[in-house]
Amino acid sequence: MIASTAQLAQHGRAHGYAVAAVNILDDLSLRAAVDAAVERSSPLIVQVSVKTVRSIGVELLTTMFRLAARDVPVPVSLHLDHCPDRAVISAVVAAGWSSVLFDASDRDLDQAERETAEVVLESHAAGCDVESEIENIVGVEDDIGSDESVHAYPVQTLADVAARTGVDLLAPQLGTAHGLYTSAPVLLPERVRELAALTDLPIVLHGGTGLTDADFREFIEAGVSKINISTGLKVAYMRAAQAATAVAEETGRWDPPTMFRDIHAAVQAEVAGRLDMFGSSGQAESAMATTAAR
Ligand SMILES: [Zn+2]
């Protein structure tokens, strides 16, 4: 069933778990992620980077997602990850995607608020939810972002801007970074608690690859209800491809479908592990009962 991203994250917040938002790269990783959600009877957010939108195209991605998600017995939504480009936002909103992350963290506060309000108007008119980011989450992901903290605000400002603009989900800085860590991050679960005391909006954790189970549990207990997974999936995907090509080299059998099967299994296992860790396994039925299909 195709579902609303905000409603899934709200269900997670109300029931003490987080929905995994999995960055898919192609049809193979899309089907593997959906298969993991079905296997674990879990809600799922299928997330797509702007880079993947540019490589596959909005129309093909939309069709692939609809075919993969429409008839499965778990709620799945389609989300555009970090997007500072208004034209790409407009294209996926028009195509009927569930939600977008309008990344205004490269703008100064006034402009970020003004443009976020515009994106909310345009998106809500089409039934699309908006995740808001006005502080930049450190690290570069699919060519978007910066390794330096450019904009950071008090949590009260984040809550006030969210209330004025009418966004549906919030992505604050939580000490995590995109990509693989080279040194241990200083995590900020207390920022989630402070923000959760000021707003009922679902809070999103970016840059989760490399965090421990205990880190995730603390963030979820503090109020995080959407957790983005990208780098971990890419590593699982490429390691499976690497192992498959090593076998092909050895045996002289160059059979792509064999490699696809291995990649599918590796990505499905990686996603299933996250669903268990985030506590969303077994929540599909309850989530579907309280969310509207779209
Ligand atoms: Zn992110």
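Which residues does Glu115 touch, not counting residues up to four places away in sequence? Select Glu115 and look around: the answer is Arg86, Phe102 and Arg107. Keep in mind as you go that this is a predicted model.

**Stop 1: Glu115**

You're in helix H6 here. Turn on side chains for Glu115 and Arg107, and you'll find a polar contact of 3.0 Å joining the two. Is Glu115 buried or exposed? Its relative accessible area is 10%, and since buried means under 20%, Glu115 counts as buried.

**Stop 2: helix H5**

Next, select residues 86-94, which make up helix H5. Colour Val88, Ile89, Val92 and Val93, which are buried. These four sit on the same side of H5, because they cover an arc of only 135° around the axis. The spacing fits a general rule: an α-helix has 3.6 residues a turn, so residues three or four places apart point the same way.

Now spin to the face of H5 turned away from that buried side, where you'll meet the exposed residues Ala87 and Ala94. Going back to the buried side, what covers it? Show helix H3 (50-56), helix H4 (58-69), strand S3, strand S4 (99-103) and helix H6 (109-125), which are among the elements that cover the buried residues of H5.

Both ends of H5 deserve a click. At the N-terminal end, Asp85 acts as the cap, with a side-chain oxygen 2.9 Å from the backbone nitrogen of Ala87. After H5 comes Gly96, and its phi is positive, near 90°.

**Stop 3: the zinc ion**

Select the zinc ion and show what coordinates it. The donors are NE2 of His82, NE2 of His178 and ND1 of His206, at 2.0 to 2.1 Å. Along the chain, the donors follow the spacing H-x95-H-x27-H. Trace the backbone between His82 and His178 and you'll see a link between distant parts of the chain, 96 residues apart: His82 belongs to strand S3 (residues 76-83), while His178 is in the loop between strand S8 (169-170) and helix H8 (189-198).

Try a surface view as well. His82 is buried, with a relative accessible area of 6%, and His178 also counts as buried, at 10%.

**Stop 4: strand S10 and its partners**

Move on to residues 224-229, strand S10, where six of six residues are buried. Bring up strand S1 (residues 19-23), which pairs with S10 in the parallel sense over four bridges. For a landmark, pick Val19 and find its bridge partner in S10, Lys226.

Then add strand S9 (residues 203-205), which runs parallel to S10 and is joined to it by three bridges. Here the pair to click is Leu205 and Ile227, which stand opposite each other. Follow the chain from S9 through helix H9 (residues 213-222) to S10, and you'll have walked a right-handed β-α-β crossover.

**Stop 5: Leu169**

Lys226 makes a handy bridge to the next selection, as it is one of the residues in contact with Leu169. Leu169 is in strand S8 and is buried, with a relative accessible area of 0%. Leaving aside neighbours within four places in sequence, you can also light up Thr5, Ala6, Ala9, Val130, Glu131, Ser132, Pro202 and Val204 among its contacts. Finish here with a distance: the C-alpha atoms of Leu169 and Leu180 are separated by 25 Å, though the two are 11 residues apart along the chain.

**Stop 6: Met288**

Jump to helix H12 (residues 284-290) and select Met288. At a relative accessible area of 24%, Met288 is partly exposed. Expand the selection, leaving aside neighbours within four places in sequence, and you'll pick up contacts with Met1, Pro73, Val74 and Pro75. Then draw a C-alpha to C-alpha line from Met288 to Pro43: 8.4 Å in space, 245 residues in sequence.

**Stop 7: Ser41**

Last, select Ser41, in the loop between helix H2 (27-40) and strand S2 (44-48). What should you look at here? Check the phi of Ser41: near 50°, a positive value in a residue other than glycine. As background, most residues other than glycine have a negative phi. On the surface view, Ser41 counts as partly exposed, at 30% relative accessibility.

Note on methods. Residues numbered from 1 in each chain as written. Predicted model: local features only at pLDDT ≥ 70, side-chain atom pairs only at ≥ 80, totals over all residues. Heavy atoms only, no water. Buried < 20%, exposed > 50% of the residue type's maximum accessible area, 1.4 Å probe, protein only. Helix = DSSP H or I, 4+ residues; strand = E, 2+ residues; numbered from the N terminus. Pairing = 2+ DSSP bridges. Right-handed = clockwise from strand over helix to strand, strands pointing away. Donors = N, O, S within 2.8 Å, 3.2 Å for Na, K, Ca; no water. Arc of directions from axis to C-beta. Contact = heavy atoms within 4.5 Å. Polar contact = N/O pair within 3.5 Å; in protein donor to acceptor, adjacent residues only side chain to side chain.
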